[in-house]
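The following paragraphs lead through one protein model, taking its charged pairs, its nonpolar cores, its backbone angles and one of its hairpins in turn. Please keep the structure in view while reading.

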Amino acid sequence: MTQIHLSHKGELLLQERRNTPKELRAAIPQYISSDMPQQHADFFAGLPYLPLATLDQQGRPWVSLLVTASEDDPTLGIKQGGRNTTDVVAETSPFDPFARAFQQSAMPADQRRLFAGVGIDFRNRRRNKIAGAIGVASVEDSGKLRLRLISDQHLGNCPKYITVREVTHVQRTAELLHDSFDTRTEALPEIAKAVVDQSSTVFLATKYTAVDNVADTQSDMGVNHRGGAPGFVRLYEEQDGEQITTYLVLPDHSGNRFYQSLGNIETDPQVGLVFPDFTTGDVLYITGEAENLADDEAEALMPRTNLLTRIKVTGAVLVKEGLNLKLTSEEQLSPYNPPVRLLRQELEQMGHAPLAEGKEALSATLVSTQTLSDSIKTFKFRLSSPINAPLPGGFGVFDFSELLDRGYSHMNEANPQMVNEDFVRTWTLSSAPQFDQNTNAFWATDKVSVTVKRKPGGLMSNVLHDNAAALVANSLPVAFKGTGAGFTCFKEGPDGTAPTVPPKMLWIAGGVGITPFMSMWDGIVQIAKTNPDQMSTDIVLLYAGRGDDINVLNHFRPPQGALPDHVKFRIAAFQSTSTSPSAARSAMDSLYELVPSNILKLEKRRMGIEDIQSVTELNAREVFMCGPGGLMNGTEAMLTELGVEESRRHRETFIF
């Protein structure tokens with residue numbers, strides 16, 4: 001009987017929950033062809049590799065990346081044997097669980113052996129899905145497979161999230177490193193976790209089991225590609241005594257809204273995954289139990305994510321050099337890839353998990369701006385209710401989606417990042433709340449400031465810079481999602497005493513990475529003025545900025561009223577080339593007028609290792625760093641060369 005693929009109850013549930021338009025839901029069967037289009041037949045015939053999945057004796061999905069072309073073995077290949085019949089001769093390792101599934105007991109005569117696959121061409125990001133039943137299958141001891149596929153579902157897919165790469169056949173010697181194909185395991189060895197961490201390409205197999213097997217909802221399988229920046233699949237473990245349970249977390253990137261894979265999971269949690277490493281040839285095969293988490297549940301596990309799939313690992317096979325393909329080009333990540341989202345527990349370990357201010361929803365309204373340079377402004381917001389702000393150096397989370405979100409778009413060639421844009425930004429608070437000398441604590445506040453640099457090609461920095469006047473004039477609020485303090489030089493004081501800072505510090509900042517130090521300095525000044533006996537520190541600030549960006553150092557000019565002698569502060573600034581030499585010179589002259597020469601030293605060059613080395617008592621200082629990745633990586637290398645202990649380095653990042 002020719003299958004007409006109407007969406008089953010799991011798919012319909014996801015489509016409704018995720019607001020797939022009714023007209024699209026009704027049209028989905030028209031996109032899925034029962035007969036293989038000639039374009040698909042020609043496409044599959046030219047593929048040198050093919051991701052395929054089937055079920056083992058326990059009904060668990062296993063998916064593999066089979067090699068279907070080799071100069072050394074001309075018998076390998078994909079050929080059309082008829083309208084919906086595809087003959088596949090492929091090689092894999094003898095340890096591949098996809099191949100091992102065929103060596104188990106034969107399927108009962110009244111059951112079809114299901115399969116699904118997704119043809120994919122890494123050279124041009126073309127892909128097409130295929131599913132049906134396996135008519136004939138044989139496996140040689142070497143792992144060589146001969147399959148006859150009888151397909152009844154064919155669907156073209158978009159090119160989003162596929163990594164472009166060139167690969168070629170190479171004969172490898174497979175070695176089994178971990179095997180729980182026949183047993184249940186929920187723990188993975190470190191080498192298997194490393195394969196997950198490097199992956200930008202994953203294949204996910206799911207299944208749907210019909211209750212009555214009527215034509216419009218008969219049992220089937222699906223295989224889909226999942227891609228993103230390396231590390232987009234997150235892994236965490238839970239331990240109960242000696243029992244370790246491993247979970248994989250796949251955030252859902254914007255797709256065609258059919259929700260076939262996630263719909264299958266709604267009805268049957270068993271899934272399979274394969275993680276290929278095209279550099280080493282290592283392959284990790286996973287089977288497990290999946291669940292979809294949405295909205296608050298998703299946000300609780302992975303902030304800034306409203307839909308994800310969590311998979312509890314129940315079986316795994318890791319084969320060293322199990323993939324007879326080698327990478328022969330640089331990999332080109334998809335421009336549609338969103339930033340890697342970290343798990344809440346990862347953010348908490350970094351001190352970057354936002355803390356919501358109770359159940360009341362907060363909003364932030366822009367009230368004024370201050371121009372610091374041609375590309376840097378400070379934006380001052382008023383909150384709808386006071387908050388207990390984090391210690392100086394902390395961050396706030398601003399959600400502009402109510403103002404800017406224009407709804408779903410499937411593709412956007414002009415600006416691919418907009419497809420998964422959530423309009424949420426985490427910015428360091430560049431202001432410190434007022435300090436109360438009576439309670440020795442920073443007051444609750446309804447005023448916060450962020451200092452933002454206009455980023456060429458960036459979205460939110462340009463929105464904020466270009467629309468600040470309108471936001472102020474119209475008092476347009478944005479959602480304020482919470483605060484946190486992962487990067488601060490302050491520690492809470494014991495027994496009601498004032499917060500403390502290290503007695504000697506080196507601050508290293510680049511560009512707008514100066515913002516946490518602005519609020520830290522404000523906090524130090526406030527405590528020093530109100531509690532002079534409780535604040536003693538010696539700070540050296542090394543700042544690298546382009547052109548007139550060094551104007552931000554005006555924030556550190558001597559405050560009104562003398563500071564105690566035991567609070568010392570010196571600045572060495574390094575001004576690199578600028579597109580506006582006159583603005584750069586003006587910024588330099590202005591700094592010299594406002595900041596005394598005994599505090600400021602200004603150089604028209606890049607910062608080097610000799611500048612760090614010249615800092616007095618370097619090995620006695622706590623080092624705090626914030627800035628662009630290149631500057632931070634270079635600084636880390638210089639600190640290592642100078643023997644600065646890792647335990648005394650504190651680094652802020654912009655990845656959360």
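A salt bridge is taken here to be a side-chain nitrogen of Lys or Arg within 4 Å of a carboxyl oxygen of Asp or Glu. The model under discussion is a predicted one, and by this rule it holds 34 salt bridges. Side chains of opposite charge can pair when their charged atoms come close.

One such pair is formed by D466 and R454, whose side chains meet at 2.8 Å from N to O. Because D466 lies in helix 10 (residues 460-474) while R454 lies in the loop between strand 24 (445-453) and helix 10, the salt bridge ties together parts that are 12 residues apart in sequence. D466 counts as exposed, since its relative accessibility is 53%, whereas R454, with a relative accessible area of 28%, is partly exposed. Elsewhere, salt bridges with shared partners join R184, E186, E289 and K312 into one network.

A further salt bridge brings together the side chains of K193 and E237, at 2.7 Å from N to O. This pair links distant parts of the chain, with K193 in helix 5 (residues 190-198) and E237 in strand 12 (residues 234-240), 44 residues apart. K193 counts as buried at 12% relative accessibility, while E237, at 34%, counts as partly exposed. The side chains of E421 and R425 also meet in a salt bridge, at 3.0 Å from N to O, and E421 is buried, with a relative accessibility of 18%.

From the charged pairs we turn to the nonpolar side chains. In soluble globular proteins, nonpolar side chains tend to be buried together. The largest nonpolar core of this model has 43 residues, and those that touch the most other members are W507, I514, F517, I524, L541, L553 and F556. Among the elements that each supply at least two residues of this core are strand 26 (504-510), strand 27 (537-546), strand 28 (567-576) and helix 12 (581-594). The largest share, 8 residues, comes from helix 11. When residues up to four places away in sequence are not counted, I514 touches A509, L541, Y543, V552, L553 and F556. A second core, separate from this one, has 28 residues and includes V63, F122, F203 and F278.

Where does V63 sit? Strand 2 (residues 61-67) is mostly covered, with 7 of its 7 residues buried, and V63 belongs to the side of strand 2 that also carries P61, L65 and V67, with W62, S64 and L66 on the other. In a regular strand the side chains alternate between the two faces of the sheet. Strand 2 runs antiparallel to strand 1 (residues 49-55), and 7 bridges join the two, with V67 of strand 2 as the bridge partner of Y49. Their hairpin has 5 residues between the strands, and there G59 takes a positive phi near 80°.

Most residues other than glycine have a negative phi, and most peptide bonds are trans. R125, which is not a glycine, nevertheless has a positive phi of about 65°; R125 is placed in the loop between strand 5 (114-121) and strand 6 (126-139) and counts as buried, at 14% relative accessibility. E617 likewise has a positive phi, near 55°, and is found in the loop between helix 13 (609-613) and strand 30. With a relative accessible area of 47%, E617 is partly exposed.

Key:
Residues are numbered from 1 along each chain as its sequence is written. This is a predicted model: local features need pLDDT of at least 70, side-chain atom pairs count only at pLDDT 80 or more; totals for chains, interfaces and linings use all residues. Side-chain values use heavy atoms; hydrogens and water are left out. Helices (H or I, at least four residues) and strands (E, at least two) are DSSP runs, numbered from the N terminus. Buried means under 20% relative accessible area, exposed over 50%, partly exposed in between (1.4 Å probe, protein chains only). A nonpolar core is a set of buried Ala, Val, Leu, Ile, Met, Phe, Trp, Tyr and Cys residues joined through side-chain atoms within 4.5 Å. Contact means heavy atoms within 4.5 Å. Two strands pair if DSSP finds at least two bridges between them.
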